Amino acid sequence: LFAATADEIAALLNAASHGKAQLGERALSPRDVGVLVPSHRQANEMRKALLKRGIAAVMQTRESVFASSEAQGLCAVLAAIEAPAQTGLLRKALVSSVMGLSVAQLMALQLDDAAWQREVENLQTWRDEWRKFGFMAMFRRWLVEADITSRVLQFVDGERRLTNLLHVAELIQNE
């Protein structure tokens with residue numbers, strides 16, 4: 001059911017890009033399409049089906065942004081920053097949804113002593129920044145130095161992921 005619905009949406013949007021699907025006087029656009037489902041689980045399945053077809057999807061939900069993979073990823077990063085000498089925390093942060101290393105990339109990084117040491121030093125620098133200037137100053141520096149924005153935006157739903165990450169950071173700052 002989800003695949004068939006996603007296929008139909010993809011076909012409509014493709015037709016619209018060729019001027020063959022209109023809504024009134026204008027071409028149909030992704031923001032004109034909505035899919036209503038009775039459960040959060042079904043919404044996730046629909047979103048996955050759309051993403052497989054290269055169609056970004058936004059879900060309206062009552063679920064907290066803290067339940068997002070970006071919040072969990074940021075939590076892993078913050079734990080590693082707080083304890084830069086703990087290798088397990090650094091590994092978890094590097095493969096998180098926000099840092100985005102694959103297991104193969106992590107293994108290669110661990111075999112390069114100089115590169116691994118740079119990662120540890122980055123954590124120490126960000127920890128010092130956090131202690132001296134506060135969370136948001138450290139967060140902004142981390143976004144730039146770890147190239148988080150471009151990493152996150154590589155995903156089909158990258159804008160949603162980046163919005164979640166920035167929202168979580170803002171909530172942390174407010175606390």
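Helices and strands are taken here as DSSP runs, with at least four residues for a helix and at least two for a strand, numbered from the N terminus. On that basis, the protein chain of this predicted model holds 9 helices and 2 strands. Followed along the sequence, these elements appear in the order α-β-β-α-α-α-α-α-α-α-α. The radius of gyration is 20 Å, well over the 16 Å that the globule rule gives for 175 residues, so the chain is more spread out than a compact globule. In keeping with a description of overall form, the C-alpha trace spans about 60 × 40 × 30 Å along its principal axes. Of the 175 residues, 35% count as buried. Among contacts with a separation of 6 or more, 54% join residues that lie 24 or more positions apart.

Helix H1, which covers residues 2-17, offers a convenient starting point, and Ile9 is one of its residues. With a relative accessibility of 8%, Ile9 counts as buried, since the buried class takes in values under 20%. Once residues up to four places away in sequence are set aside, the side of the chain that Ile9 touches is represented by Val33, Val35, Leu50 and Ile55. A further reference point is Asn44, which is 35 residues from Ile9 along the chain; the C-alpha atoms of the two are separated by 16 Å.

Helix H3 (residues 69-82) takes part in two of the helix pairs described here, the partner in one of them being helix H4 (residues 87-94). The axes of H3 and H4 come within 8 Å and cross at roughly 150°. Angles over 145 degrees count as roughly antiparallel, and H3 and H4 are therefore roughly antiparallel to each other. Their crossing is left-handed. On the H3 side, the residues that meet H4 are Ala76, Val77, Ala79 and Ala80, and their counterparts in H4 are Leu89, Leu90, Lys92 and Ala93. By class, this contact is made up of 7 nonpolar residues, no polar residues and 1 charged residue.

The other partner of H3 is helix H6 (residues 113-133), and here too the axes come within 8 Å, but the crossing is at roughly 90°. That angle makes H3 roughly perpendicular to H6, the perpendicular class running from 65 to 115 degrees. Leu78, Ala80, Ile81 and Glu82 are the H3 residues in this contact, and they meet Leu123, Trp126, Arg127, Trp130 and Arg131 of H6. The residues divide into 6 nonpolar, no polar and 3 charged. Ala80 of H3 appears in the contact with H4 and also in the contact with H6.

Helix H6 also contains Glu129. This charged residue is buried, with a relative accessible area of 15%. Apart from neighbours within four places in sequence, Glu129 is in contact with Gly134, Ala137, Met138 and Arg141. Of these, Ala137, Met138 and Arg141 fall within the residue range of helix H7, 135-145.

Towards the C-terminal end of the sequence, H7 packs with helix H9 (residues 158-174) at an angle of about 160°, and their axes are 9 Å apart. H7 is thus roughly antiparallel to H9, and H7 passes H9 in a right-handed crossing. The contact draws on Phe135, Met136, Phe139, Trp142 and Leu143 from H7, together with Leu165, Leu166, Ala169, Glu170, Ile172 and Gln173 from H9. In terms of class, there are 9 nonpolar residues, 1 polar residue and 1 charged residue.

Glu170, a residue of H9, belongs to this contact and counts as partly exposed at 46% relative accessibility. Its C-alpha atom is separated by 29 Å from that of Glu45, which is 125 residues away along the chain.

A final local feature is found at Asp147, in the loop between H7 and helix H8 (148-153). Phi of Asp147 is near 55°, a positive value in a residue other than glycine. At 43% relative accessibility, Asp147 counts as partly exposed.

Technical notes
Residues are numbered from 1 along each chain as its sequence is written. This is a predicted model: local features need pLDDT of at least 70, side-chain atom pairs count only at pLDDT 80 or more; totals for chains, interfaces and linings use all residues. Side-chain values use heavy atoms; hydrogens and water are left out. Axes are lines fitted to C-alpha atoms, for helices over the stretch in contact, and angles run from 0 to 180 degrees between N-to-C directions. Angles under 35 degrees count as roughly parallel, over 145 as roughly antiparallel, 65 to 115 as roughly perpendicular and the rest as oblique. A crossing is left-handed if the near helix is turned anticlockwise from the far one by less than a right angle, and right-handed if clockwise. Contact means heavy atoms within 4.5 Å. The radius of gyration is taken over C-alpha atoms; the globule rule is 2.2 Å times the number of residues to the power 0.38. Buried means under 20% relative accessible area, exposed over 50%, partly exposed in between (1.4 Å probe, protein chains only).
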